[in-house]
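Welcome! Take a moment to turn the structure around on your screen before reading on.

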Amino acid sequence: MIRPASVEQIREAAAQLARGELVAFPTETVYGLGANALDASAVRKIFEVKGRPATDPLIVHLAQFSELEKVADLSRLEAPERLQALAAIWPGPLTLVLPAREELPLELRAGLPSVAVRIPNHPVAQALLRECTFPIAAPSANPFSYVSPTCAEHVEAQLGAKIDLILDGGECAVGLESTILSLLESPALLLRPGAISVEQIESLIGPIKVSSKIVSASQAAPAPGMLKKHYSPRTPVYFKTEVSADSFGHSALISFSELSSSERDRFAKVIELSQKGDLNEIAHNLFKALRELDHGGVSQIIVDQCSEHGLGLAIMDRLRKAHA
Ligand code: TXA
Ligand code: MG
């Protein structure tokens with residue numbers, strides 16, 4: 001059930017999490033499906049509800065940096081000055097992979113000796129985390145491999161029958177999942193691009209490696225959970241450069257900027273994510289558009305492309321995965 005994220009509802013949500021139940025909640029990136037990260041049976045429920053393979057580890061959410069040692073074993077972290085420098089980004093859409101504390105449930109981290117951690121920058125997520133005495137494990141609140149939810153209604157539409165409480169905090173500001181960076185290696189390895197750009201990270205810690213999976217969608221996944229097909233609607237997705245104009249009439253177009261009316265008329269349906277190709281607007285509106293068009297009765301979804309700098313790298317990564 002969707003509930004406005006009032007102070008009382010946030011308190012109720014924390015009580016439900018403490019009892020081992022699941023609660024969906026907003027973050028600045030996408031909505032998460034939360035459970036007490038220290039409760040192995042609650043964590044297993046996340047995998048059941050999402051239909052997620054046990055080999056795909058979850059992200060642990062904390063309210064503040066001082067709690068990091070509850071989940072990470074920083075004595076095993078190489079070059080810890082990188083963590084200190086990156087902490088300037090928190091709270092924010094950055095997830096760091098760090099050595100895990102041994103007592104963390106294995107279900108949570110898919111048996112790995114590492115854990116992915118993030119401090120979200122959303123007032124509801126922050127209030128919920130502060131109300132709980134434990135960290136919250138939360139993947140995106142969608143069935144496995146489908147597009148992530150960017151509002152409470154997206155969660156309700158697919159998982160509403162399986163979870164008791166969805167805290168409504170409106171639309172997510174960013175609209176794409178967090179940047180994931182592994183500090184298990186030197187140089188650090190980018191596992192998933194997001195709103196925190198490669199350029200921003202490198203300005204803090206120097207050169208990093210970008211996983212080959214991100215640069216080329218055809219190579220093998222270097223880390224668990226980095227599947228080729230992901231974030232994917234049921235309707236096939238193609239880049240505009242790949243399809244012949246003959247098929248435009250029964251296709252929907254996701255455009256990155258405003259089109260002329262004659263250009264619009266060539267397609268069965270058009271969604272313009274931004275007037276002038278603003279990357280923040282494109283990211284914010286992309287998943288909502290993919291969902292809407294997946295129910296739009298078209299035989300294919302055609303998408304624009306952008307240059308892979310800054311947020312453009314994350315936008316193109318999600319589109320390639322939707323397309324795969
Ligand atoms: O923005 C986000 O990150 C959202 C919100 C809810 O915080 N969460 C999210 O979680 O996108 P999820 O489950 O959809 O993606 C988690 C991914 C895994 O698929 C995996 O690629 C990576 O994080 N991951 C988690 N733990 C890891 C680990 N120990 N080593 C490497 N990758 C890990
Ligand atoms: Mg996900």
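Here is a short tour of the sheets, the helices and the cores.

Keep in mind that this is a predicted model. Two open sheets are described below, one of eleven strands and one of four strands. There is also a nonpolar core of 49 residues, and another core of 29 residues lies apart from it.

**The eleven-stranded sheet**

- Following the strands across this open sheet, you meet them in the order E1-E8-E2-E3-E7-E4-E6-E5-E9-E10-E11, and the pairing is mixed.
- Strand E1 (2-4) and strand E11 (209-210) are at the edges with a single partner strand each, so one side of each has no neighbour in the sheet.
- Inside the sheet, E5 and E6 are antiparallel partners joined over five bridges, and Leu96 sits opposite Val117 in E6.
- Helix H2 lies across E3 and strand E7 (136-137), at about 155° to E3.
- Helix H5 also packs on this sheet, where it touches E1, strand E2 (23-25), E3 and strand E8 (165-168). The direction of H5 makes about 165° with that of E8.

**The largest nonpolar core**

- In general, nonpolar side chains of soluble globular proteins tend to be buried together.
- Which members of the largest nonpolar core touch the most other members? They are Leu94, Leu96, Ile163, Leu181 and Leu183.
- Among the elements that give two or more residues to this core are strand E3 (32-36), helix H2 (40-50), strand E5 (94-99) and helix H5 (152-159).
- H2 provides the largest share, five residues.
- Leaving aside residues up to four places away in sequence, Ile163 touches Met1, Leu22, Ala24, Leu33, Val49 and Val155.

**A pair of crossing helices**

- The axes of helix H1 (residues 7-18) and helix H4 (residues 123-131) come within 9 Å and cross at roughly 50°, which means that H1 is oblique to H4.
- The crossing of H1 and H4 is right-handed.
- Ile10, Arg11, Ala13, Ala14 and Leu17 in H1 meet Val124, Ala127, Leu128 and Glu131 in H4.

**The four-stranded sheet**

- This open sheet has the order E12-E15-E13-E14, with parallel pairing.
- Its edge strands, E12 (237-239) and E14 (269-272), each pair on one side only.
- On average, neighbouring strands here are turned by 25° against each other, direction ignored.
- Four bridges link the parallel strands E13 (residues 251-255) and E15 (residues 300-303), and Ala252 stands opposite Ile301 in E15.
- Helix H10 (residues 311-323) packs on this sheet, touching E12 and E15, and its direction makes about 125° with that of E12.

Terms used. Residues numbered from 1 in each chain as written. Chains lettered and ligands numbered in written order. Predicted model: local features only at pLDDT ≥ 70, side-chain atom pairs only at ≥ 80, totals over all residues. Heavy atoms only, no water. Core = buried A, V, L, I, M, F, W, Y, C linked by side-chain atoms within 4.5 Å. Buried < 20%, exposed > 50% of the residue type's maximum accessible area, 1.4 Å probe, protein only. Contact = heavy atoms within 4.5 Å. Pairing = 2+ DSSP bridges. Axes fitted to C-alpha atoms, helices over the stretch in contact; angles between N-to-C directions. Parallel < 35°, antiparallel > 145°, perpendicular 65-115°, else oblique. Left-handed = near helix turned anticlockwise from the far one by under 90°.
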